Every structure is written in structure tokens, then in C-alpha cells.
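Morning, everyone. I have one structure to walk you through today. Please have a look at it first.

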Amino acid sequence: MTPIPFLDLKAQQARIAPELRRRLDAVLAHGQFILGPEVAELEAALAAFCGAAQCVAVSSGTDALQIALMAEGIGPGDAVFLPAFTYTATAEVPLLLGAVPVFVDVDPSTFQIDPAHLSARIAAVRAAGRLRPRAVIGVDLFGQPADWPALGAIAAREGLFTLDDLAQSFGATLGGRKLGAMADATATSFFPSKPLGAYGDGGALFTESAERAALFRSLRTHGEGATRYEVLRTGMNGRLDTLQAAVLLAKLPVFREELAARERIATFYDQHLHNLVVTPARVPDSTSAWAIYAVLLRDAAERARVQEGLRAAGVPSAIYYPRPLHHQPAYRDAHDGTALPVSEALSERILALPIHPDLTEADTARVCAALAAALG
Ligand SMILES: Cc1ncc(COP(=O)(O)O)c(C=O)c1O
């Protein structure tokens, strides 16, 4: 039995081959491999796509997060609040800058950062008096938006900088608006497996502020000023390659159709799986980019059994995330020991099924049948 691909970048490449070839040939012909014209063209196209005033293309989602926090001057003595149930990059960046990541639990049904727990964690940090609350990173997990109205209200009340980690959810909407302008700054990723993925590392920053965007541009090129050899601040080499911009420009014209295909697959899964497992709760008044379609099993033992049954039937699955970040060795010293029971339970029960725009209806049905059989 042919295994179903978890992700099928080859099928996508075949669909976009002529435009991809044209775009790559243009870069090979002009030879401006660093900050060539495709980078500025991509920045304008991405800003228009998500309705943000400013876009700065950078070398990865992680670097986008780092540049945003560097621009804000986040460093030693600062507390940066973020969900415990996310990819390591969200927490790694504050720690690299000398700040302390303060882990917040997530909502048990949407898996997004829990605003009530965020308020409680801010109050606890203020009461302890050791760290200055400075920023909140809301992660739009698995394709769905975080509760930005609630996060924005808390940040305004507490005087915190808001950073949207949109790495997994570029293309999603909340309240009829694309994500990209929900926070003071937004960072996304073009890692190849993301809904809009390059053929290597890449990322972008969005903001409504021209001053902040200018700072992002300076930081992405070694802190340079008006001329190349004027160094105003400590920056980094954080530029997006022109070749990756060309790949993304070839993918952008089909991105809306791909989002619609992902939505069709998610709806099919919802309809065929809701009696078997806990299917993902939809965030109200939103659309998802469906980077990941994750169901919940009863416990770790049932998940292991189901994963093995799926594997035997040629259906790949993945666990995002097998451990919440506060239980990872890298973050143990930074964590204050607070229990985060929802993140801990999700890590035991969660399982992601294949979802990508080239998954056929027959394959989607095969995933559902394999899951039903694996559950017995
Ligand atoms: C939530 C989240 N934040 C940040 C990143 C980092 O993005 P990148 O791999 O482009 O550095 C990822 C990507 O894997 C992610 O899933």
C-alpha cells in the first residue's frame, strides 16, 4: 500500500512549475542574490495580502521574532509572556536576548494562549518583583488565531509590547481581517512545511509603524544606517535570500486556492472523525490556515496504539508537541515551577493528521478509515 505523504511539496512544485522556473531564471539572469528586486516585490505583495502597512522580509521566522524583540530593546530583567504549548523558537528568542520567558497555559479546546491565565501570570510576576513585564508573544497555533482582542486589551492595560508569532498561520483571518496587523509587530515563517513555504529558510515581519519597520530593516543588515558602512546599533545578518523571495512570489498566486483546499480537507475530517476523537474546536469568527490538523485521543496509550495502526496502514501522523516547553531541559532553569496542566495534558493526547492542498479526497477518506480501524 503506497503511504500517504504527510506533506507533498513535489505535487505542489509540479502545479507551479512554469511560474517557478520563470521566477528563478530571472534571479539567475540579474544575479542580485542579496536583497534583489524580488525581495521588495515580495514585501509589497505580502503586506497587501494581509493588509499590513509595512513588511520586512527576513531570514527565518526565528530571526523575525528576534529582530522584533531587539527593536523593542528587550533584554536582561525583562519578562516575556508566551504559551508553553508551542514550538521552541517562541521561547528561545527571549532567552537568547537575556530576558526570561514566562510560560502561560493554553485553552483546552482551541490550544491557543489562555488570556485569563496570562493575566494571572503577569500579576504573579509583578507581585514577585524580580522581573519587569515587557512583552507578550501570542502564537497563532496550528493555523488558527490566538484571541487577539483579549490579548490586546491585557497588553494595553499592563503596558506590554505585543508580538504575534504567526509562523504557523499566515493566511488565517480573525473578525474578517487577515492576521498580520493584530499586534504591535507580527513575525511569520516561510519554513518549507508552512502553509506558505519557501525552498529553504525564510520569514517576514509586519507592522503598522514606519519607524519600527525602519528599525527592522537596520537590524536585519547588521544595524546599518543610511549608508552601508555606518553602523548604528548591534544587528544581525537576517536578510531573506532573493532566490527564496522568487520561490514565494511563484507560490503566492495559488496560495488562496491552497488555503481553500486545506479548509475542505479540515471540514471533511471534522465530519468523519467527530464521533471517534476530539476534533479541533474552531476559534470563533475566524478562518484557519490549517498548517496542522490535530485531534485528541483519550490518553498517551491510546495515542501510541492509534499512531502504530495508522503507520501500518500507510498513514503518517506526528506529535506537536510531545512535551510542553516548561518541561524541556533547555527551559527548566528559566521556569518558575508553575504547573501548566492543559499544556501538559495536550502533550499526552495530541496527534496531527496529514493536511496539505494536494491531499486527494480518496486519501483523506483513507486517513479517516485507518483512524477508525486503529481505534477498533
Ligand atoms: C510557532 C513557531 N514559531 C516560530 C517558528 C520558527 O520559524 P523558522 O523555522 O522559520 O525559524 C516556528 C517554525 O517552525 C513555529 O512553528
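I will go through the domains, the sheet, the helices on it and then the ligand site.

Keep in mind that this is a predicted model.

Let's start with the overall layout. The chain splits into domain 1, residues 9–250, and domain 2, residues 255–375. Their C-alpha centres are 24 Å apart. How many residues does each domain give to the contact? Domain 1 gives 33 residues, and domain 2 gives 28 residues. On the domain 1 side, the elements that give two or more residues are helix H1 (9–30), helix H4 (88–96), strand S3 and strand S6 (173–174). By class, that side of domain 1 has 18 nonpolar, 13 polar and two charged residues.

Now the sheet. It is open, with seven strands and mixed pairing. Read across, the order is S1-S9-S8-S5-S4-S2-S3. Which strands stand at the edges? Strand S1 (54–58) and strand S3 (100–104) do. Each has a single partner strand, so one side of each has no neighbour in the sheet. On average, neighbouring strands are turned by 25 degrees against each other, direction ignored.

Take a look at the S3 edge. Strand S2, residues 78–83, runs parallel to S3, and five bridges join the two. Phenylalanine 81 stands opposite valine 102 of S3.

Next, the helices on this sheet. Helix H5, residues 115–128, lies across S2, S3 and strand S4 (132–139). Its direction makes about 140 degrees with S3. Helix H7, residues 210–220, also packs on the sheet. H7 touches S1, strand S8 (185–189) and strand S9 (203–207). The directions of H7 and S1 make about 10 degrees.

On to the ligand. Which residues are closest to the ligand? They are Ser60, Gly61, Thr62, Ala167 and Ser189, out of 15 residues that surround the ligand. Helix H3 (61–71) and H4 each supply at least two residues of this shell. The shell has five nonpolar, eight polar and two charged residues. Recall that H4 is also among the elements on the domain 1 side of the domain contact.

Last stop, H3 itself. Is H3 largely enclosed or open? 11 of its 11 residues are buried, so H3 is largely enclosed by the rest of the structure. Gly61 and Thr62 are among those buried residues, and both are among the residues closest to the ligand. Just after H3 comes glycine 73, with a positive phi of about 75 degrees.

That's my tour. Over to you.

Technical notes:
Residues numbered from 1 in each chain as written. Predicted model: local features only at pLDDT ≥ 70, side-chain atom pairs only at ≥ 80, totals over all residues. Pairing = 2+ DSSP bridges. Helix = DSSP H or I, 4+ residues; strand = E, 2+ residues; numbered from the N terminus. Axes fitted to C-alpha atoms, helices over the stretch in contact; angles between N-to-C directions. Contact = placed C-beta atoms within 7 Å. Domains from an automatic or database assignment. Nonpolar A, V, L, I, M, F, W, Y, C, P; charged D, E, K, R; others polar. Near = placed C-beta within 6 Å. Buried ≥ 20, exposed ≤ 12 C-beta atoms within 10 Å, placed from the backbone.
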